[in-house]
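User: I would like a close look at how the helices of this model pack against one another, beginning with a single contact and then placing it beside the other parts. Please keep the description to what the coordinates themselves support.

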Amino acid sequence: MSDEKKYITAEELKKHNKQDDLWISIQGKCYNVTDWVKEHPGGDIPIRSLAGQEATDAFIAFHPGTAWKYLDKFFTGYHLKDYEVSEVSKDFRKLCTEFAKAGMFEKKGHGVIYSLCFVTLLISLSFCGVLLSNSFLVHMLSGGILGFSWMQISYLGHDSGHYLIMTTRGFNKMAQILTGNCLTGISIAWWKWTHNAHHVACNSLDHDPDLQHLPVFAVSSKFFKSLQSSFYGRELTFDSISKFFVSYQHFTYYPIMCVARVNLFVQTFLLLFSSRKVPDRAFNILGILVFWTWFPLLVSTLPNWTERVLFVLISFCVTSLQHIQFTLNHFAADVYVGQPEGNDWFEKQTSGTIDIACFSWMDWFYGGLQFQLEHHLFPRLPRCHLRKISPIVQDLCKKHNLPYRSLSFYEANVWTIRTLKTAAMQARGLLWEAVNTHG
């Protein structure tokens, strides 16, 4: 029997990018994951986004070392011809290895315990303010505290979605349902579905769902061509309604952020009651029912409708700080159209992210996600290490002449509004052109 290796070219690999014929390459070895994609814990979207490509860096970023042993059963026997590793990728993989040897992916510190205690305190204060006081001001303050607790809870849910914050996977799943579904009303299943796609296709206009907000927002005039969303499987139609809303998006940005939570509630229901395969659908629905039991009951104990409406609005407005933060990390960064490419993983993350500069004592407020680039490069790394590795990432970006953008919260807002205004002015030109043409 011959031990000679069999090879296929990158062009031949690209042909295996269909739903019923899906291959990827990891370290130059080609794997047939057509059937596995349906069972992949991270969902099918990340693999489909990199179908027919070399995907080593993405695989390393998202998987622990224990995942490598499962690859052999998918090996096709083919190796990628002329497989080369760029200097950037070599340095990235070296860093991953160094962090793993140092045990950084396992060392989570005491942040989870502190966060759980802090969240418990905030929710308790909010409930006590509503139930034990008759003061209008105390009730409104309680609404703000509840909104602030949702921010901190979301960071815990985010952490649990990327790595184990509990001792076992079972307890971790319980933490996800509790922090996401039961306490915030947002499904962890929905979050995983969209968030994993966002990480793999960072700032791809047609693949990243976190940039697909028509008809209310368009961060680039490229949306004016009615792009086809690979994520949602439909056209992102830029019609007259979109033209109108986008034309004024730099004015409506903050007001819409104040009620953005409503959209997350709607997206949760649309997914959980869709025909799409949803992991742990029953638990997710049960968790949502828990939220929509306690939250309306809490609000109903307020003495009148004025206080009830204001309580909800204030809680949403406080939480909007987090929605704004997440958009600041990406709206003003570089964008592109098309499928993400596995051979420029590091470059795509640097171009598609913006860090928010702050003092170390403010890290808790941002949940560590002000280090957006560091998080995107090493999504499994606990947030307590992100500030430590920031100088290392900066040096690597400087070495390879790649952007590392770190702005103050104010500067990031200015950049974001400027990006939205640029697209708005272009959309407004199209709007007036249509009005003049059709009367």
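Analyst: In this predicted model, helix H8, which covers residues 188-200, packs against helix H11, residues 260-272, at an angle of about 95°, and their axes are 9 Å apart. With that angle, H8 and H11 are therefore roughly perpendicular to each other. On the H8 side the contact is made by Ala189, Trp190 and Trp193, while H11 contributes Leu264, Gln267, Thr268 and Leu271. Sorted by class, the residues of this contact of H8 with H11 comprise five nonpolar and two polar ones, with no charged residue.

A second helix pair involves H10 (residues 249-258) and H13 (residues 305-328), whose axes come within 7 Å and cross at roughly 125°. H10 and H13 are therefore oblique to each other. Here Tyr253, Tyr254, Met257 and Cys258 of H10 make the contact with Phe316, Cys317, Ser320, His323, Ile324, Thr327 and Leu328 of H13. Eight of the residues in the contact of H10 with H13 are nonpolar and three are polar, and none is charged.

The third pair is made of H5 (residues 111-132) and H6 (residues 136-162), which pack at an angle of about 155° with their axes 8 Å apart. The two helices H5 and H6 are therefore roughly antiparallel to each other, and their crossing is left-handed. From H5, the contact draws on Val112, Ser115, Leu116, Phe118, Val119, Leu122, Ile123, Leu125, Ser126, Gly129 and Val130, and from H6 on Val138, His139, Ser142, Ile145, Leu146, Phe148, Ser149, Gln152, Ile153 and Leu156. The residues in this contact of H5 with H6 divide into 14 nonpolar and seven polar, again with no charged residue among them.

Aromatic rings offer another view of how segments meet, and a search of the whole structure finds 38 aromatic pairs. One of them joins Phe92 and Phe346 in an edge-to-face arrangement, with 6.1 Å from centre to centre and 65° between the planes. Because Phe92 belongs to helix H4 (residues 87-101) and Phe346 to helix H14 (residues 345-351), this pair ties together parts that are 254 residues apart in sequence.

Beside the helices there is an open sheet of five strands, ordered S1-S5-S4-S3-S2, with mixed pairing. Strand S1 (6-8) and strand S2 (17-18) stand at its edges with a single partner strand each, so one side of each has no neighbour in the sheet. S1 runs parallel to strand S5 (residues 75-80), to which three bridges join it, and Ile8 has Leu80 of S5 as its bridge partner. S5 also pairs with S4, in this case in the antiparallel sense over two bridges, and His79 of S5 is the bridge partner of Lys29. Strand S4 (residues 29-32) in turn pairs with strand S3 (residues 21-26), in the antiparallel sense and over four bridges, with Cys30 of S4 as the bridge partner of Ser25. In the hairpin of S3 and S4 two residues lie between the strands, and Gln27 takes a positive phi near 50°.

How values were computed
Residues numbered from 1 in each chain as written. Predicted model: local features only at pLDDT ≥ 70, side-chain atom pairs only at ≥ 80, totals over all residues. Heavy atoms only, no water. Pairing = 2+ DSSP bridges. Axes fitted to C-alpha atoms, helices over the stretch in contact; angles between N-to-C directions. Parallel < 35°, antiparallel > 145°, perpendicular 65-115°, else oblique. Left-handed = near helix turned anticlockwise from the far one by under 90°. Contact = heavy atoms within 4.5 Å. Nonpolar A, V, L, I, M, F, W, Y, C, P; charged D, E, K, R; others polar. Phe/Tyr/Trp six-rings, centres within 6.5 Å; stacked < 30°, edge-to-face > 60°.
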